[in-house]
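Dear colleague,

Please find below the structure that I am handing over to you. A summary of what was found in it follows.

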Amino acid sequence: MIFDKISIKGFRGIKNLQIDNLSNVNVFVGKNNSSKTSILEAIYVLAGVYNPNLLINVTNFRNIILDEANDLRYLFYNLDYTNKLEIDGERTADEYVRSMVVTPNIRAMKINQNTLNQSPALQNLLQTVPENVTNELKINFTIKERHKKAFVGTSSVYHAGSTLFNAELAKNFIPDIKANFIPLKGGLSTDMAKILNDIIINKDQNIIIESLKKIDDKISNISLGNKGMVYLDIMGIKQLIPIDLSGDGMRKIFTILLGIYESSGGVLFIDEIENGLHFSALKTLWNTILKISKQYNVQVFVTTHNYETLKCLKETLESEENINFQKTIRSFTIRKLENLEHKAYCYEFPEFENAIKEGIEIR
């Protein structure tokens, strides 16, 4: 497990939020506009703090097009750069602390004059770069652990004209956490074809096949074709079938499986986990997440507002084969308080189970 505590200040619509008692699988529920997705985005950015491109990624996940420098304000509470943006994560067992502060900046564009003279396209591009406007975000981060020297680093992302944003990764820092994000719309944040290719090379495809067989027991194999096309071998059909022609449930579980595999030893984020799934596939989905994430030691964070999804999770955990997973899962209800701060109400399995049984509203 990477984090058991998270603190978020000044990110998106979150003025201030503290989340304690995180576990291996964490489910965030709450009303619309309660900042569930923002929580996932904040932890994702913290996990990949050395790479400021993630600040752009989390905006792209929402289908927002950044086309001017001032659009960077979308990351700040109330769209106000004066609100401090700070995210911290802890793992108390070994005194592991990971913290980041995002600071707005005005970056001067430094370009060789000869290069500029020889490139009319670059001249036109620079005409779109405003002066005296915040066009850069700097990330100052610290990572420390018991008996180890703290690492202090800096990275940044800046607007370079038009819709172009460039990033400067932290120097002398080797990424120590694998993190992947499955947004509401779209696939995994990493190259899925490459992941499947690695799975096939390592002869691990049975992990994928056995899970997909629970949706269609005629699936016998999975393969990778030209241009990254994924194919299913289904008994009784002479030709391989592109997975994109199969149902949403099949594609969703396939994407999650790849995400868990690629995030081995790290974290995976799944926004609105039930999106595109028929309720009949939900138990298969939860079984897959519980067992495969444990196998690959992946901490999972998901959002949902769907009662059927929570009910299926309860029933999955009550089955004899999954009883041991009950202590490794947490549900958090996110509420916005009158003072505009957020509060996370934690439900361990006994409380979660009772709430679902008694029809207590925890969403």
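**Aromatic contacts and helix packing**

Arg 91 is placed over the face of Tyr 96, 4.4 Å from the ring centre. A second arginine, Arg 107, lies over the face of Tyr 158 at 3.7 Å from the ring centre. Please note that this is a predicted model.

The structure contains 14 aromatic pairs. In one of them, Tyr 44 and Phe 269 meet edge-to-face, with 5.8 Å from centre to centre and 75° between the planes. This pair connects distant parts of the chain, since Tyr 44 belongs to helix H1 and Phe 269 to strand S13 (residues 267-270), 225 residues apart. Both partners are buried: Tyr 44 has a relative accessible area of 3%, and Phe 269 has a relative accessibility of 0%.

Phe 269 also forms a stacked pair with Phe 301, at 5.3 Å centre to centre and 15° between the planes. Because Phe 269 lies in strand S13 and Phe 301 in strand S14 (residues 299-303), this pair ties together parts that are 32 residues apart in sequence. Phe 301 is likewise buried, with a relative accessible area of 0%. Tyr 44, Phe 269 and Phe 301 belong to one aromatic cluster, which also includes Phe 28, Phe 61, Phe 181 and Phe 332.

Turning to helix H2 (residues 53-60), the buried residues there are Leu 54, Leu 55, Ile 56, Val 58 and Thr 59. Against what do they pack? The buried residues of H2 pack against helix H1 (36-47) and against three strands, S6 (136-144), S7 (151-159) and S8 (165-168).

Yours sincerely

Terms used. Residues are numbered from 1 along each chain as its sequence is written. This is a predicted model: local features need pLDDT of at least 70, side-chain atom pairs count only at pLDDT 80 or more; totals for chains, interfaces and linings use all residues. Side-chain values use heavy atoms; hydrogens and water are left out. Buried means under 20% relative accessible area, exposed over 50%, partly exposed in between (1.4 Å probe, protein chains only). Helices (H or I, at least four residues) and strands (E, at least two) are DSSP runs, numbered from the N terminus. Contact means heavy atoms within 4.5 Å. Rings of Phe, Tyr and Trp (its six-membered ring) pair if their centres lie within 6.5 Å; planes under 30 degrees apart count as stacked, over 60 as edge-to-face and the rest as tilted. A charge sits over a ring if NZ of Lys or CZ of Arg is within 6 Å of the ring centre and within 35 degrees of the ring normal.
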